[in-house]
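These are my notebook entries on a structure that I examined part by part. I set down what I looked up and what I found.

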Amino acid sequence: MATIERPSIGTHEVANQPPPLVDYNVFRTDRVLVEAVKREGADWAEARISAVGEIAGSEHAQSLGAQANENPPRLKTHDRYGNRVDTVDFHPAWHELMALAVSHELHCSPWKDPRPGAHVARGAAFMCFSQAEAGVGCPTSMTYSVIPALRTQPELAAEWEPRFLSSSYDPANAPASQKSGALAGMGMTEKQGGTDVRANTTLARPVNGGGPGAEYELSGHKWFMSAPQCDAFLVLAQADGGISCFLFPRWTPDGERNRFRLQRLKDKLGNRSNASSEIEFDSASAWLVGEEGAGVRTIIEMVNHTRLDCVLGGATGMRAGVAQAIHHASHRSVFGRELVEQPLMRNVLADLAVESEAATIGALRLARAYDEALAGDEEAQSFKRVANAVLKYWICKRAVVHAGEALECLGGNGYVEESGMPRLFRESPLNSIWEGSGNVQCLDVLRAMVKSPAAVEAFFAEVQEGAVAEPRLAAFASQLRDELPGDLETIESRARRLVERMALALQGSLLVRYGDEAVADAFCSSRLSGNWGQAFGTLPAGTDFTRIIERHSPDK
Ligand SMILES: Cc1cc2nc3c(=O)[nH]c(=O)nc-3n(C[C@H](O)[C@H](O)[C@H](O)COP(=O)(O)OP(=O)(O)OC[C@H]3O[C@@H](n4cnc5c(N)ncnc54)[C@H](O)[C@@H]3O)c2cc1C
């Protein structure tokens, strides 16, 4: 019988596919961040930040991030014998990432080693690490942020602060006194009110008369309490004196499991490596932090720091998107030419890069204001009062559309889970929602205008520093001032427009002074002078695309 010749069906040669963007230092290859760290007073920390950048860009850490998302946490309510345990099981990849974050002190460094630039240094390292995985940023950020609020109650701070400042990650479900390190979370949001925390219905009953630092029993619930595996939480509850802040530990001082139940974990859009829970308190022991009735004022110290992290997180997502997009376009050819050489793609990449640079520069400038304000600088305190809300609103908003466009630069590959872009995309709306959603930030700016006019003046003083050198910014800022406050009847409905323009003015001022010349020029002509479209990739023709793309390339 004659044999039939069949062509080989072996895998064909793979061509025109980019190499994975791994084993690179996400800090050293981010010129904007390196410059910002030096400028904002943290050059002493370069080596430390670089070490985090090296880890975050490694294939190993990138793979841990993917694994932690593919294997989300599982609620464990009972042990095998039926005893309640109310804990969460995490994949080993999560624990490894947490151990790295904690050993690099992303949860505590500025409090452990306070010095000029400490919040900038920690912010830059946080940005680098979040590029391996953003979910671990949640307990890391909350532990970093709990310290200033906890210090309102010195005896509680004396007991808990050393645990939170430990650089040892100890995931054991055991009393904090028996562990080598502890982590913190927060519980404000209830079913009937997240933004409106004054609608809280959780009740606090004093055990022995009550008062600052004293024990209370909490009964009620929280609708969103992330990282419920943490060792202690700041939570809000109604005491006789009004809404108050309490330290609620997982275990009571006598070594008993505290009286709470984890009801469910949320099935979330993104941030899937991290657990967010619904919890019920059943006469749970908790200790009053600050005065009864001063709960919002006390916990806001924590919230402010997590809001800084939202700004850093928004900027991080954009940097990650730009790095992936430029990398892909530099290795993929279409119609005989690399994508990065195609004029229209160059416009898209450059526009994404301009947005990313504006975000990073703004975020690190804000971190410096934290350093200065904590050192007693009142001008910095005023500036950050307004700039934090303005930048949280705008950078977190921009991060969402930015992620979608960066994803599209990878074409179909970008829509596929393995590229990491879907994870980036799903994560992108989160920073805008938690810690005060978009509208809430805008209303907060209006509140500052009424209650702290000095804060608005400090904000515009910063804008003016750039406006003196750039007529387009000067014209934009002067028009904006004319709109403020404007018709008071309509100011609330105009708040987004005003705050967006304040953000653009601030970013413009920072870019003019500190950014790359071509980036600043592109920003002023597009965002400030209106020579721009509705989507990314609509920068005017005279833009120096080559320079902007090269500056932002992770491969150069
Ligand atoms: C993944 C995730 C994790 C979270 N983790 C925690 C946690 O650990 N601890 C915790 O306490 N909370 C947590 N939250 C809750 C989060 O902080 C709230 O969802 C958020 O503050 C919004 O509150 P809400 O969901 O009740 O929405 P609402 O307060 O009902 O707001 C709905 C919308 O209305 C807008 N809005 C509110 N007031 C006004 C107004 N006056 N004018 C115009 N618009 C307004 C808001 O901007 C928002 O867009 C988490 C949320 C998510 C998504």
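The entries below take up a helix, the ligand and a loop, and close with a residue in a strand.

**Entry 1: the model.** I note at the outset that this is a predicted model.

**Entry 2: helix α2.** I began with the length of helix α2, which covers residues 46-57. At 1.5 Å a residue, its 12 residues should span 16 Å, and I found the end C-alpha atoms 16 Å apart, which agrees. I then asked which residues of α2 are buried. They are Glu 46, Ile 49, Ser 50, Val 52, Gly 53, Ala 56 and Gly 57. Looking down the axis of α2, I saw that these buried residues fall within an arc of 160 degrees, so they line one face of the helix. As a general point, an α-helix has 3.6 residues a turn, so residues three or four places apart point the same way. Next I looked up what the buried residues of α2 pack against, and recorded α1 (31-39), α3 (59-70) and α6 (118-129).

**Entry 3: the ligand.** I turned to the surroundings of the ligand and listed 20 residues around it. Of these, Met 188, Thr 189, Thr 195, Ser 226 and Asn 439 come nearest. I also checked which elements each supply at least two residues of this shell. They include the strands β3 (184-187) and β5 (215-226), and also the helices α13 (430-433) and α14 (438-451).

I then looked at nitrogen atoms of the ligand. One lies 2.8 Å from an N or O atom in the side chain of Ser 226. For Asn 439, I noted a polar side-chain atom 2.9 Å from a nitrogen atom of the ligand. With Met 186 the partner is a polar backbone atom, at 3.0 Å from a ligand nitrogen. How much of the ligand's accessible area does the protein cover? I recorded 66% of the 980 Å² that the ligand has on its own.

**Entry 4: the loop between β8 and β9.** I looked up Asn 274, which sits in the loop between β8 (260-265) and β9 (276-289). Is Asn 274 buried or exposed? Its relative accessible area is 2%, and Asn 274 counts as buried because that value is under the 20% cut-off. Leaving out residues up to four places away in sequence, I listed the residues that Asn 274 touches: Pro 73, Trp 94, Gly 135, Cys 138, Pro 139, Ser 226, Ala 227 and Lys 268. Ser 226, in that list, is one of the residues that come nearest to the ligand.

The side chain of Asn 274 also makes a polar contact of 3.0 Å with the side chain of Asn 271. Asn 271 belongs to the loop between β8 and β9 and is buried, at 4% relative accessible area. I noted that phi of Asn 271 is near 55 degrees, a positive value in a residue other than glycine. In general, most residues other than glycine have a negative phi.

Asp 267 is also placed in the loop between β8 and β9. Asp 267 counts as exposed, at 68% relative accessibility. I found its side chain joined to that of Arg 272 by a polar contact of 3.2 Å. Asp 267 and Ser 277 are 10 residues apart in sequence, and I recorded 9.6 Å between their C-alpha atoms.

**Entry 5: Ser 283.** My last entry concerns Ser 283, which lies in strand β9. Its phi is near 55 degrees, a positive value in a residue other than glycine. Ser 283 is partly exposed, with a relative accessible area of 24%.

How values were computed: Residues are numbered from 1 along each chain as its sequence is written. This is a predicted model: local features need pLDDT of at least 70, side-chain atom pairs count only at pLDDT 80 or more; totals for chains, interfaces and linings use all residues. Side-chain values use heavy atoms; hydrogens and water are left out. Helices (H or I, at least four residues) and strands (E, at least two) are DSSP runs, numbered from the N terminus. The expected span of a helix is 1.5 Å times one less than its number of residues. Buried means under 20% relative accessible area, exposed over 50%, partly exposed in between (1.4 Å probe, protein chains only). The arc is that of the directions from the helix axis to the C-beta atoms. Contact means heavy atoms within 4.5 Å. A residue is near a molecule or strand if one of its heavy atoms lies within 4 Å of it. A polar contact is a pair of N or O atoms within 3.5 Å; within protein, one must be able to donate a hydrogen and the other to accept it, and residues adjacent in sequence count only if both atoms are side-chain atoms. Accessible areas come from the Shrake-Rupley method with a 1.4 Å probe; for residues, only the protein chains shown count as cover.
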